[in-house]
Amino acid sequence: MTYTAPLADMRFALREVAGLQQISALPGYEHATDDTVDAVLEEAAKLAGNGLAPLNRDGDKVGAKLENGVVRTAPGFAGIYKEFVEGGWNSLPFDPEFGGQGMPWLLAATVQEMWQAANMGFGLVLLLNQGAIDAIHHHGSADQKSTFLPRMISGEWTGTMNLTEPQAGSDLAQLKSRAVKNGDHYLVTGQKIFITYGEHDMAENIVHLVLARTPDAPAGVRGISLFIVPKFLVGADGKLAARNDLRCVSLEHKLGIHASPTCVMSFGDDGGAVGYLVGEEGRGLSYMFTMMNNARLSVGIQGLAIAERAYQQAAAFAKQRVQSKDDGSDKAQPVSIVHHADVRRMLMTMRAQIEAMRALGYYTAAGIDGALKHPDRGAAKKIQDRVDLLIPIVKAWFTDLGNEIASTGVQIHGGMGFIEETGAAQHLRDARILPIYEGTNGIQARDLVGRKVAKDGGETMLALVAEMRSTAEELKAAPGDDLAAIRTALEAAADALEDATKWVAQSVKADLVAALAGSVPFLRLAGTALGGWLLARSALAAQAKLAGRDGDPDFLEAKVVTARFYAEVILPPALAQLGPLKAAGRTVFALSEAQL
Ligand SMILES: Cc1cc2nc3c(=O)[nH]c(=O)nc-3n(C[C@H](O)[C@H](O)[C@H](O)COP(=O)(O)OP(=O)(O)OC[C@H]3O[C@@H](n4cnc5c(N)ncnc54)[C@H](O)[C@@H]3O)c2cc1C
C-alpha cells in the first residue's frame, strides 16, 4: 500500500492545462517561479509518500479514540502533524500578512491531492483548517484576524466547521443552536453532530466556526449567524487562557476514514461557550459559503486523490497477479492479468478519468487565483462566475468517480480486493463519505441547476461550450488519427452540453421539478464533457511537444492515447445522459409514496 505522487502528470496538468505560467505572471504570484513550484512539489511528494502513506493503514485499523474526554488520534498522527507545522505546509496559499506564503491556490490544490491520496483520514484536518482560515480571512474583524489567523496558518491551531445538527443536515434553516449576547461576546449553547476533527491531540487549540441563532433572529437561513468559538480562550497577550465551555461527547463509528475523528460536540453545558460574532448577525450562512466553496473544491480533490491511490494499487497488482493465458498469444503459460483486455479496459478507464479530473480540478483552482489577482476586475468577475459554476461539478463528479474508481480497483484485485489485508477495500470505504459530506451530491446538482445555471440563464456554461468549440477548431489543423477522433467526440460533447444547458436554463423557470429531476444527469454530463475538453487540450499540448521533440515521447504519447480513449470510450455514454436528464421529470413522481 504505497503511494508515489505522480509528479510528471501533475506538472503536465499544472503547466499545459491549468496555465501555471499565466498564474505566476499575475501580480502577487511572481514568486511562484517554475523552480520554486518544482521544489515544493518534490518535497511534498517525499512527505506524502514516505511520511503520510505508511500511516494510512494504522489510521484505518486503530482509528481515533475518545478517552476521558480526550481524542487520541491514530499512531504516528501527532508526530507527523508536528512535521507539517514545522515545515510550514499549512501556510502555502495564505496571506503573507498573517504568516502565509502567498502561493497560488493552484499549487495548494496540487499539494492537497498528495496529502489526500497518501492519507485521507489525516488530510481532513488540513482541509477543514484551510476552509476555516479562508472564512475568517474574508469575514473576520481585524482583531479576530490577528488573534486567530497566524496560529491557524502556521497550523499550531486547527479550525473546524460546525454546521450540522441532528435535525439540520442539508436543510440548515432548521438549526437550533443559540447564541446570546453577553458583553463583548456571545454565549453559545447547542449540540452539533458529525464534526470532523472537533477534538484531537495534534494541536494546542481548536478554533470552531459555529453556526447559531441569536434570540430575536428570524426563522430560516436569514436568522443564522457565524461565531468563532475556540477550545481555549485567548488572552490579550495572545497566550492560551481558560478552557471554553465545549466538549466532544462521543465519536461516531464509521464505514471509513476511521482516523478522522467525527465528533458529537456539546456547546454550553455549563452555561454557554464564549463565542465571537463574525461579521454581522444573520449573515452566517453566506459567510460559511466562502468556506464551503473552498472546502468543496478540496473534497473534489479528495475524490481525485483516492482514485489515484486506488489506480496505483490496482496497476501494481495487475502487473504481478498471474492468471490465465494471454488471448493474443499461442503460448499456454498463464500471464499477469495486466495482459487481459478487460483488465486493460478497467485500468484505462481509471487512468483516463483521473487525468480528466486532474485537468478540471487544477483548471478550477487556477480560476480561484485568476479571480483573486487578475488586474482587470471585470475579467476577474467573469473568472469567479466560472469558478462558482465549476465548484459543484468538481465536488460531485469527482467524488462519484472516486467511488467508481475505488470500486474498480477492488474489482481488479478479484477476491483479494474484498479482503482487508490488500488495502484496496479501505480506499472504497474511505471514498464513500465523499459524495455525502460538504453538501451531498444531490445538493450540489441542485446548486448547479437551481442557482448557478438559473442565475445567468446558462451564459457561463455556454461560454465554456464556446471554448470547447474553439479547441475543436484547433484540433482540425492537428495531424493524425488520434486527434481527429478526439475532435469528433469533442464536437459531440459541445453539442450535448449546449443542448442540455439550454434545456436546464429554460426548464428551471418553466418546470423547476423537472429541471431538478434531471440535475444529477446534467451534472454528470457537464463534468464528463468538460473533462473531455481539457483532455483534448492536453492531447494538443502533448502533440505539439512531440513535434518539437520537447520531452519524453513515451509520456507524451500516453497523454494523446489516454485522451483518445476518454473521447471514444468514456464520453459517448455520458453524452447519452441528455435523454435521461430531460425524461426524469416525467416519471420520478409517477408512483405514490405508498408504492415506493
Ligand atoms: C464522516 C462525516 C463527517 C462530517 N463532517 C462534518 C463537519 O465537519 N461539519 C459539519 O457541519 N457537518 C459534517 N458532516 C455532516 C454532513 O455535511 C451531512 O451529513 C450532509 O450535509 C448531509 O446531511 P444529512 O446527513 O442530514 O442528510 P439529509 O440532509 O437528511 O439528506 C438525506 C438525503 O436526502 C437528500 N436531500 C435532502 N434535501 C434534499 C433536497 N432539497 N433536494 C434533493 N435531495 C435532498 C440528500 O441528498 C440525501 O441523499 C459530516 C458527516 C459525516 C458522515
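Biologist: Why is E67 called partly exposed?

Modeller: This is a predicted model, and in it E67 has a relative accessible area of 38%. Partly exposed covers the range between under 20%, which is buried, and over 50%, which is exposed, so 38% puts E67 in the partly exposed class.

Biologist: What makes E67 and R72 a salt bridge?

Modeller: Their closest N and O atoms are 3.4 Å apart. The cut-off is 4 Å between a side-chain nitrogen of Lys or Arg and a carboxyl oxygen of Asp or Glu, so this pair qualifies. R72 also counts as partly exposed, at 38% relative accessibility.

Biologist: How many salt bridges does a search of the whole structure find?

Modeller: The search finds 32. In general, side chains of opposite charge can pair when their charged atoms come close.

Biologist: How do you know that R358 and E113 form a salt bridge?

Modeller: The closest N and O atoms of R358 and E113 are 2.8 Å apart, and the limit is 4 Å, so the pair counts. This pair links distant parts of the chain: R358 sits in helix α10 (residues 341-373) and E113 in helix α6 (residues 105-118), 245 residues apart.

Biologist: Are R358 and E113 buried or exposed?

Modeller: Both R358 and E113 are buried.

Biologist: What about K476 and E473: where do they lie?

Modeller: Both are in helix α15 (residues 459-476), three residues apart, which is about one turn of the helix. Their side chains meet in a salt bridge at 3.0 Å, N to O.

Biologist: Why is K476 called partly exposed?

Modeller: K476 has 48% relative accessibility; exposed starts over 50%, and buried is under 20%, so partly exposed is the right term. E473, with a relative accessible area of 47%, is partly exposed by the same rule. Elsewhere, R11, R15, D34, D38 and E42 are joined into one network by salt bridges that share partners.

Biologist: Now the strands. What makes β5 and β12 a pair?

Modeller: Strand β12 (residues 273-277) and β5 share three bridges in the antiparallel sense. Pairing needs at least two bridges, so they qualify. One of the contacts is between V188 and its bridge partner in β12, A273.

Biologist: Which strand does β5 (residues 185-196) join through five antiparallel bridges, with N182 as a partner of H185?

Modeller: That is strand β4 (residues 178-182). The hairpin of β4 and β5 has two residues between the strands, and G183 there takes a positive phi near 70°.

Methods
Residues numbered from 1 in each chain as written. Predicted model: local features only at pLDDT ≥ 70, side-chain atom pairs only at ≥ 80, totals over all residues. Heavy atoms only, no water. Buried < 20%, exposed > 50% of the residue type's maximum accessible area, 1.4 Å probe, protein only. Helix = DSSP H or I, 4+ residues; strand = E, 2+ residues; numbered from the N terminus.
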